[in-house]
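Thanks for making the time this morning. I would like to walk through one model with you, starting from single residues and working outwards to whole chains.

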Amino acid sequence: MLRIEDLHVEVDGREVLSGVDLEVPAGHTCVLFGPNGSGKSTLLHTIMGFGQYEVTKGRILFLGRDVTHLPIHERARMGMGIMLQRPPNIVGLRLNDLVVAAGDGHLDTEETAKALNMDRFLERDINVGFSGGEIKRSELLQLSMQEPCFFLLDEPESGVDMESIDLVGRKIHSMLYDKKGCGWEKGDRSKSALVITHTGKVLDYIDADCAYVIRGGRIMCSGRPRDILRDIQERGYGECIKCRMVKL
Amino acid sequence: MPDGQALRRRAEEALKRKGAFGRDYDLDEFEPGSSEGDTYETLEDITPEQKQTMMNVGVLPSAEERSGSLVYVDNAVVHQSSADQGMELLPTLDAMERYDWLSDYSWRAVPVDKDKYTARAYLEGANGYFIRVKAGRKVEFPVQTCMMIDTEKRTQHTHNIIIVEEGASLDIITGCATSSHANESLHLGMSEIYVLDGGSLSFSMIHNWGEKTGVRPRTGVELGKEASFVNNYVIMKPAGSVQSYPTCQLNGEGAAAKFNSIAISHPGSEIDLGSQVIMNAPHSAAEILSRSITLGGEMIARGRLVGNAPDIRAHLECRSLIMSEEGRTLAIPELEAMYPDVEMTHEAAVGKIAREQVEYLMARGLDEDEAVGMIVRGFLEGSIRGLPESLRQEIDDAVSMANLGN
């Protein structure tokens with residue numbers, strides 16, 4: 001599905017990613033752990049193609065195609081979809097207009113919004129005055145309509161109250177396990193995802209297959225999500241990485 | 001009430017007086033447009049070309065769902081019709097003849113000696129439309145009027161008087177345009193608007209001028225107690241030089257006025273739009289919202305709010321996008337208060353579209369042009385609630401046509 005090879009990325013002339021190698025096989029969900037400032041969001045944004053991130057070396061292969069320099073919307077149209085942690089406000093533009101534009105018309109906007117408790121927000125300007133939880137639900141609403149085959153989720157549980165976490169978690173589950181075919185199947189799942197998580201909370205809702213730890217712009221280790229999360233929780237990132245490095 | 005002699009004297013003395021803002025026009029270079037013209041029983045009988053010009057500014061030849069129509073070509077009323085018993089719609093000069101009391105309103109909200117443009121309109125005996133909605137009458141459909149310049153190098157002068165009586169309400173949609181026969185002409189449109197106690201008026205204007213047309217409207221508005229007035233000014237097409245700065249006096253307690261302007265300044269255009277609201281009565285409220293884009297022309301957004309009474313509320317907001325290396329944008333917001341118990345605010349913002357916003361929409365599958373178009377459309381019309389459908393359509397078409405993503 002997604003393969004990243006020796007990816008180097010600069011932001012404003014400063015190298016943030018220094019040779020990332022990573023793979024998300026079709027039908028798999030991988031999580032990405034890492035301390036603050038390790039390059040997690042930079043990696044997701046670079047995969048999506050945002051302009052601020054300059055790839056200086058390496059490549060991104062998506063569905064077997066080199067998309068390293070492909071415009072954002074072409075990646076989206078190939079089936080890539082992102083949930084941002086801090087999406088911009090757009091004054092004057094109603095959420096409804098974007099949600100309708102993101103879909104291909106076969107899903108009912110109102111119904112989809114209702115399921116996310118977002119129907120009252122359709123006439124509101126996008127993200128303007130939204131709370132943390134509302135931003136997450138707005139992002140999920142847009143993704144629901146967009147129906148990507150590959151999800152990039154940037155800390156879906158951050159800034160969400162306990163009640164909303166359940167709604168957000170269940171929604172992510174239902175999107176990932178949606179049966180609408182993407183051309184490949186792994187058990188009962190056809191979608192793939194790369195999910196950033198700080199707390200691991202989202203693991204309660206998705207059956208993740210693999211985990212990566214990124215630090216200093218490099219993938220330090222990979223393994224089973226629960227094992228890695230336990231290491232991080234017990235020993236912190238530094239120890240976890242050290243110990244995994246030894247094992248490697 | 002000033003007598004005719006006195007008005008004439010004041011006008012003559014003002015003939016050389018330049019306008020407060022905007023490029024100065026030498027009126028001697030323009031002949032007055034003809035005040036004679038064929039008249040038409042229905043709008044469907046009008047020439048196909050004129051029909052097209054009208055339709056481009058939202059005036060419907062079918063007059064369907066319209067309570068009345070009046071079309072003014074050069075300086076002649078060529079059509080008038082009214083379908084509402086509670087409302088009168090007729091040429092201003094006819095109305096002046098019919099009603100002696102009208103001289104109490106004529107040239108009151110717009111002083112005849114404001115500048116050379118008002119003076120010229122008065123001295124040329126400008127005709128125009130008179131609309132009166134009788135007390136308590138809620139007119140269901142909008143009245144449509146069209147001011148069309150059809151002859152090159154001419155002045156069009158109009159004198160419109162609108163009176164919405166106590167508790168009455170009305171919507172007006174006006175389309176102002178030049179036909180293909182006129183470009184370097186001058187529009188001098190005088191409008192005096194009186195909304196009496198408890199009345200309400202919504203006044204929407206769409207413009208489609210020639211690339212060299214000069215436009216110098218002068219508008220004065222007076223509101224009574226609990227009266228409300230909404231003014232929507234939309235100009236999306238290229239124009240030579242437009243300078244408009246209506247003055248609205250809130251004279252009755254609880255009166256409320258709202259001025260929305262939405263403009264695009266194309267290369268070579270000078271668009272100078274503003275408005276001022278003077279709050280003379282307690283508990284009155286005013287809002288001025290301006291959304292503009294320069295694609296290479298000059299764009300000036302003015303706004304002035306004067307708190308002349310206690311317990312008033314007023315807000316002024318100018319936002320402008322710059323979408324070209326050329327061009328210039330100037331925002332001039334002014335607040336003036338004479339009392340401590342006022343709540344007056346303003347915001348002004350000038351800049352380009354944030355790249356982050358464009359990319360956000362692209363991540364949902366929109367290409368760059370679509371993303372920019374959607375943001376621009378939202379910027380222009382989204383923040384202004386309750387715009388009539390024809391204005392919304394005009395903005396959508398302009399955004400599509402201007403190909404703003406490039």
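A:N127 counts as buried, because 21 C-beta neighbours lie inside 10 Å, and the cut-off for that label is 20 or more. The residue sits in the loop between β8 (125–126) and α5 of chain A, and its phi is near 65 degrees, a positive value in a residue other than glycine. Please keep in mind throughout that this is a predicted model, so that every value I quote is computed from predicted coordinates.

Chain B offers a case to set beside that one. B:W107, in the loop between α3 (92–98) and α4 of chain B, has a phi near 60 degrees, again a positive value in a residue other than glycine. B:W107 is buried as well, with 23 other C-beta atoms within 10 Å.

Let me stay with burial, and turn to a helix in chain A. How many of the nine residues of helix α1 of chain A, residues 40–48, are buried? The count is nine of the nine, so the helix is largely enclosed by the rest of the structure. Going along α1(A), the buried residues are A:K40, A:S41, A:T42, A:L43, A:L44, A:H45, A:T46, A:I47 and A:M48. Just after α1(A) comes A:G49, which takes a positive phi of about 105 degrees.

The helix that carries the number one in chain B gives another picture. In α1 of chain B, residues 4–14, the buried residues are B:L7, B:A11 and B:A14, and because they cover an arc of only 65 degrees around the axis, they fall on the same side of α1(B). The general background is that an α-helix has 3.6 residues a turn, so residues three or four places apart point the same way. On the face of α1(B) turned away from the buried side we find the exposed residues B:Q5, B:A6 and B:E13, while the cover over the buried residues of α1(B) includes α4 (116–123) of chain B.

One more single residue in chain B deserves a moment. B:H157 is found in strand β7 of chain B, residues 154–164, and counts as buried, with 27 C-beta neighbours inside 10 Å. If we leave aside the neighbours within four places in sequence, B:H157 is in contact with B:N75, B:R120, B:A121, B:E124, B:A126 and B:L188. There is also B:M190, which is 33 residues away from B:H157 along the chain, with a separation of 7.5 Å between the two C-alpha atoms.

Now to the domains of chain B. The domain assignment divides chain B into domain 1, covering 4–354, and domain 2, covering 355–406, and the centres of these two domains, taken over C-alpha atoms, are 26 Å apart. Across the boundary, 18 residues of domain 1 of chain B are in contact with 21 residues of domain 2 of chain B. On the domain 1 side, at least two residues each are supplied by β10 (200–208), β13 (228–235), β16 (256–265) and β19 (285–294) of chain B, and the residues on that side divide into 13 nonpolar, four polar and one charged.

What, then, does the contact between the chains take from each of them? It takes 22 residues from chain A and 19 residues from chain B. On the side of chain A that touches chain B, the elements giving two or more residues are α2 (72–78), β7 (90–94), α3 (95–102) and α5 (132–146) of chain A, with the largest share, five residues, coming from β7(A). By class, that side of chain A has 13 nonpolar, five polar and four charged residues.

Let me close with chain A as a whole, and with the scores. Chain A comes to seven helices and 12 strands, and of its 248 residues 45% count as buried. Its radius of gyration is 18 Å, which agrees with the value near 18 Å that a compact globule with 248 residues would have, and its C-alpha atoms fill a box of roughly 55 × 35 × 35 Å along the principal axes. Among contacts in chain A between residues at least 6 apart in sequence, 70% join residues at least 24 apart. As to confidence, chain B averages a pLDDT of 94, with 99% of the residues scoring at least 70, and the model scores ipTM 0.95 and pTM 0.88.

Conventions. Residues numbered from 1 in each chain as written. Chains lettered and ligands numbered in written order. Predicted model: local features only at pLDDT ≥ 70, side-chain atom pairs only at ≥ 80, totals over all residues. Domains from an automatic or database assignment. Contact = placed C-beta atoms within 7 Å. Helix = DSSP H or I, 4+ residues; strand = E, 2+ residues; numbered from the N terminus. Nonpolar A, V, L, I, M, F, W, Y, C, P; charged D, E, K, R; others polar. pLDDT = per-residue confidence, 0-100. Rg over C-alpha atoms; globule rule 2.2 N^0.38 Å. Buried ≥ 20, exposed ≤ 12 C-beta atoms within 10 Å, placed from the backbone. Arc of directions from axis to C-beta.
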